[in-house]
Amino acid sequence: MAPGSRRVGSDSSAPGQLYTFQDKPQTVEDLPRVSFLELMYRLTFQGFLSRIHELQIYEKQRHGPIYKDALKSVCITTPKLMEEIMRNDDKFPNRGDMSLWQEHRNLRGFGYGQSKANGKIFISFVSIVTLLNKLMLHLKDSAQYGDTLNGVVTDFIKRMYYLRQCIPTGYLVTNMANELYHFSLEAIASILFETRLGCLEKEIPAGTQHFINSISKMFSNNFVVMLLPKWSRGILPYWGRYIEGWDGIFSFSEWQLRYDKKMEFIQKCLDNNEEVKGEYLTYLLSNTQMSTKNVYGNITELLLAGVGTVKKHQTFTSTAT
């Protein structure tokens, strides 16, 4: 579905090419496209492998706001077009090819989570997504997180003061992107896990640091694994690193959930006819029939959604580790 986009000229790779919108709807086949050889040239010889975000800007300048990339995906690069697509999305939308992310879940037996499900898989999560949206997005319901987030903001400001004191000039905080990532992780985790992780402390706890490193490892190797053929997985190290990253992410979520302890608390309240009080995690466990693995899947997806934008920018500007 490519709303009104058309390429002017015959060579999709010619620089300075202009693209205009026509009244007549165009098909996917009419879109300008990036060939696989072009992509490999950009990544290997022009150095875009460590600057994927810049490559996306570069392709937009060459091909316009909507084009087809070398992986046969339609790329939308303006908020207006994205809004149009989201408003006209199907009841059970296809979120793109997430088979690579699903491979880890199939390998380890985890649920797909609510944000990466596609087509028929998405159906079983509709009621869950409705529940999560109610608790996370409605203003009246989300107000309960005010005190929690205010505490995170206060600690973040204190950390900024501390970092400035550690700098000779006393003014400029270096590596601000990393600090914002720690802030976003602490904020979303304080809601999802109902506990603080220590991302804003002077010394980050070992378990939290391992989770941060796992996210970086997963994102750093994700794009390379997507390009390489499956037969290379037993030869090249990228697939192993990619799986290790996901394992670290899920093991952290599982450890932080303390699932059995939380369920024991909920059951005790129910047995004593007491009200089950708590925030997001308590509500999720006490008001759904989700299996343990699906809980891990949904919590992990929401956690990644909260920190992914900042972290992807960081990992794409560094080499794969």
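This is a short talk on the fold, the cores and a few single residues of the structure above.

Good morning. First, a caution: the model is predicted.

Start with the whole protein. It has 14 helices and four strands. There are 321 residues, and 41% of them count as buried. Take the contacts between residues at least 6 apart in sequence: 63% of these join residues at least 24 apart. The exposed surface comes to about 18,100 Å², with 55% of it supplied by carbon and sulfur atoms.

Now the inside. The largest nonpolar core holds 30 residues. Which residues have the most contacts inside it? They are Trp101, Leu185, Phe193, Met218, Tyr242, Trp246 and Leu303. Five elements are listed as giving two or more residues to this core: H4 (99-108), H9 (176-192), H10 (206-227), H11 (238-257) and H14 (292-316), each of them a helix. H11 gives the most, seven residues. There is also a second, separate core. That one has eight residues, among them Leu39, Leu43, Ala70 and Leu227.

Next, helix H8, residues 146-166. Its 21 residues should span 30 Å at 1.5 Å a residue, and the end C-alpha atoms are indeed 30 Å apart. Buried here are Val152, Phe156, Arg159, Met160 and Leu163. Why do they count as one side of H8? Because they cover an arc of only 105° around the axis. Look at the other side of H8 and you find Asp147, Lys158, Tyr161 and Gln165, which are exposed. What does the buried side pack against? The buried residues of H8 pack against H9. In the loop between H8 and H9 sits asparagine 175. Its phi is positive, about 55°, although asparagine 175 is not a glycine. For context, most residues other than glycine have a negative phi.

Over to helix H2, residues 52-63. This one has twelve residues. From first C-alpha to last, H2 reaches 16 Å, close to the 16 Å expected at 1.5 Å a residue. Its buried residues are Ile52, Leu55, Glu59, Arg62 and His63. Down the axis of H2, they fall within an arc of 75°, so they line one face of the helix. Glycine 64 follows H2, and its phi is positive, near 95°.

Several H2 residues come back when we turn to arginine 42, which lies in helix H1, residues 36-44. Is arginine 42 buried or exposed? Its relative accessibility is 8%, so it counts as buried. Set aside the neighbours within four places in sequence. Arginine 42 is then in contact with Gly47, Phe48, Leu55, Tyr58, Glu59 and Arg62.

A second non-glycine case of positive phi is lysine 72, at about 70°. Where is lysine 72? In the loop between strand E3 (66-68) and strand E4 (74-76). The relative accessibility of lysine 72 is 70%, so this residue counts as exposed.

Last, the cysteines. How many disulfides does a search of the whole structure find? Zero. Two cysteines deserve a word. Cysteine 75 has a relative accessible area of 17%; that is under 20%, so cysteine 75 is buried. Cysteine 166 is at 49% relative accessibility and counts as partly exposed, because the exposed class begins over 50%.

That is the tour. Questions, please.

Conventions. Residues are numbered from 1 along each chain as its sequence is written. This is a predicted model: local features need pLDDT of at least 70, side-chain atom pairs count only at pLDDT 80 or more; totals for chains, interfaces and linings use all residues. Side-chain values use heavy atoms; hydrogens and water are left out. A nonpolar core is a set of buried Ala, Val, Leu, Ile, Met, Phe, Trp, Tyr and Cys residues joined through side-chain atoms within 4.5 Å. Buried means under 20% relative accessible area, exposed over 50%, partly exposed in between (1.4 Å probe, protein chains only). The expected span of a helix is 1.5 Å times one less than its number of residues. The arc is that of the directions from the helix axis to the C-beta atoms. Contact means heavy atoms within 4.5 Å. Accessible areas come from the Shrake-Rupley method with a 1.4 Å probe; for residues, only the protein chains shown count as cover. A disulfide is a pair of cysteine sulfur atoms within 2.5 Å.
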